[in-house]
Amino acid sequence: MTRDEIDQLDFSKGSGLVPAIIQDAQSRSVLMLGYMNREAAEQTLETGRVTFFSRSRQSLWVKGETSGNVLHLVSMTADCDRDCLRVEARPEGPVCHTGSPTCFGNNDPGIIRTLEALYDTREDAGTSYVARLKAAGTRKIAQKIGEEGVEVALALTGEDNEAVCSEAADLVFHLVMGLKARGLTFDDVLTELAERRRTSVETR
């Protein structure tokens with residue numbers, strides 16, 4: 001979002017404020033809801049730290065200015081009516097005053113989101129297994145997916161449930177790596193499955 005796009009926001013509906021939904025840029029969890037006036041949105045853009053307008057104090061409030069649990073801005077996007085913002089951020093510490101990572105209690109982003117976040121974290125560490133495998137290229141990742149698939153099949157036919165789950169976790173993790181290597185996410189796979197289900201229902 002640019003300053004010009006902030007000028008296009010409709011602050012009139014909320015008496016000078018727009019709701020701002022804060023989302024973890026990595027895990028995709030919804031972290032909290034705050035409100036911004038024009039000055040808060042501009043300060044967020046300028047400083048890179050998410051800033052709200054406190055309705056109780058009637059003043060600007062930089063998230064984490066006291067606790068240190070700041071929100072580092074990644075992006076701001078307006079909705080279709082331009083009266084609500086989605087703010088993607090990287091949280092530094094817990095977001096909620098209760099010490100929880102999110103103000104919405106159990107907001108588990110799901111295992112696939114967790115795996116994708118884990119992949120991104122490991123990828124940033126240059127000497128990690130993920131970084132080394134990525135550097136080896138898509139063919140090497142594909143080879144690992146094949147190996148893990150065989151190990152799952154062998155576990156299913158001759159090992160206990162704990163081994164099956166362990167091998168399956170390895171397979172899914174490497175599958176996420178393979179998708180990432182092609183610029184895909186698991187959402188693309190879920191979209192394909194949803195389309196197959198829709199087609200199956202329509203042809204019954």
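**Exercise 1. Helix α5: what span should its 21 residues have, and how far apart are its end C-alpha atoms?**

Before starting, keep in mind that this is a predicted model, where local features need pLDDT of at least 70, side-chain atom pairs count only at pLDDT 80 or more, and totals for chains, interfaces and linings use all residues. Numbering runs from 1 along each chain as its sequence is written, and side-chain values use heavy atoms, with hydrogens and water left out.

*Solution.*

Step 1: Find the helix. α5 covers residues 138-158; helices here are DSSP runs of H or I with at least four residues, strands are runs of E with at least two, and both are numbered from the N terminus.

Step 2: Get the expected span, which is defined as 1.5 Å times one less than the number of residues. For the 21 residues of α5 that should be 30 Å.

Step 3: Compare. The end C-alpha atoms of α5 are 30 Å apart, which agrees.

Step 4: Try it again on α6 (161-181). Its 21 residues should also span 30 Å, and its end C-alpha atoms are 30 Å apart, so that agrees too.

**Exercise 2. Work out which face of α5 is buried and what packs against it.**

*Solution.*

Step 1: List the buried residues (under 20% relative accessible area; exposed is over 50%, partly exposed in between, with a 1.4 Å probe and protein chains only). In α5 they are Ile 141, Lys 144, Glu 148, Val 152 and Ala 155.

Step 2: Look down the axis. The buried residues of α5 fall within an arc of 80 degrees, so they line one face of the helix; the arc is taken over the directions from the helix axis to the C-beta atoms.

Step 3: Turn to the other side of α5, where Arg 139, Leu 154, Thr 157 and Gly 158 are exposed.

Step 4: Name the packing partners. The buried residues of α5 pack against α4 (129-136) and α6, contact meaning heavy atoms within 4.5 Å.

Step 5: Check what α6 buries. Its buried residues include Phe 173, His 174, Val 176 and Met 177. Just after α6, Gly 183 takes a positive phi of about 75 degrees.

**Exercise 3. Lay out the four-stranded sheet and find its edges.**

*Solution.*

Step 1: Write down the order. The sheet is open, runs β2-β1-β6-β5 and has mixed pairing; two strands pair if DSSP finds at least two bridges between them.

Step 2: Pick out the edges. β2 (30-36) and β5 (71-78) each have a single partner strand, so one side of each is left without a neighbour in the sheet. Neighbouring strands are turned by 25 degrees against each other on average, direction ignored. Such angles are between N-to-C directions and run from 0 to 180 degrees, with axes as lines fitted to C-alpha atoms, for helices over the stretch in contact.

Step 3: Sort the pairings. β5 and β6 (residues 85-91) run antiparallel with seven bridges, whereas β1 and β6 are parallel over five bridges.

Step 4: Check individual partners in β6. Leu 71 is bridged to Pro 91, His 72 stands opposite Arg 90, and Gln 23 has Glu 88 as its bridge partner.

Step 5: Look at the connection. β5 and β6 make a hairpin with six residues between them, and Arg 82 in that turn has a positive phi of about 60 degrees.

**Exercise 4. Say how helix α2 sits on the sheet strands, and place Glu 46.**

*Solution.*

Step 1: α2 (residues 38-47) lies across β2 and β5, running at about 125 degrees to β5.

Step 2: Glu 46 belongs to α2, and at 55% relative accessibility this residue counts as exposed.

Step 3: Glu 46 and Leu 73 sit 27 residues apart in sequence and 9.9 Å apart in space, C-alpha to C-alpha.

**Exercise 5. Which loops hold Ser 15 and Gln 58, and are these residues buried or exposed?**

*Solution.*

Step 1: Ser 15 is in the loop between α1 (3-7) and β1 (18-24). Its phi is positive, about 55 degrees, although it is not a glycine.

Step 2: Gln 58 is in the loop between β3 (51-54) and β4 (59-62). Gln 58 has a positive phi near 55 degrees, and it is a residue other than glycine.

Step 3: Ser 15 is exposed, with a relative accessible area of 72%; Gln 58 counts as exposed at 54%.
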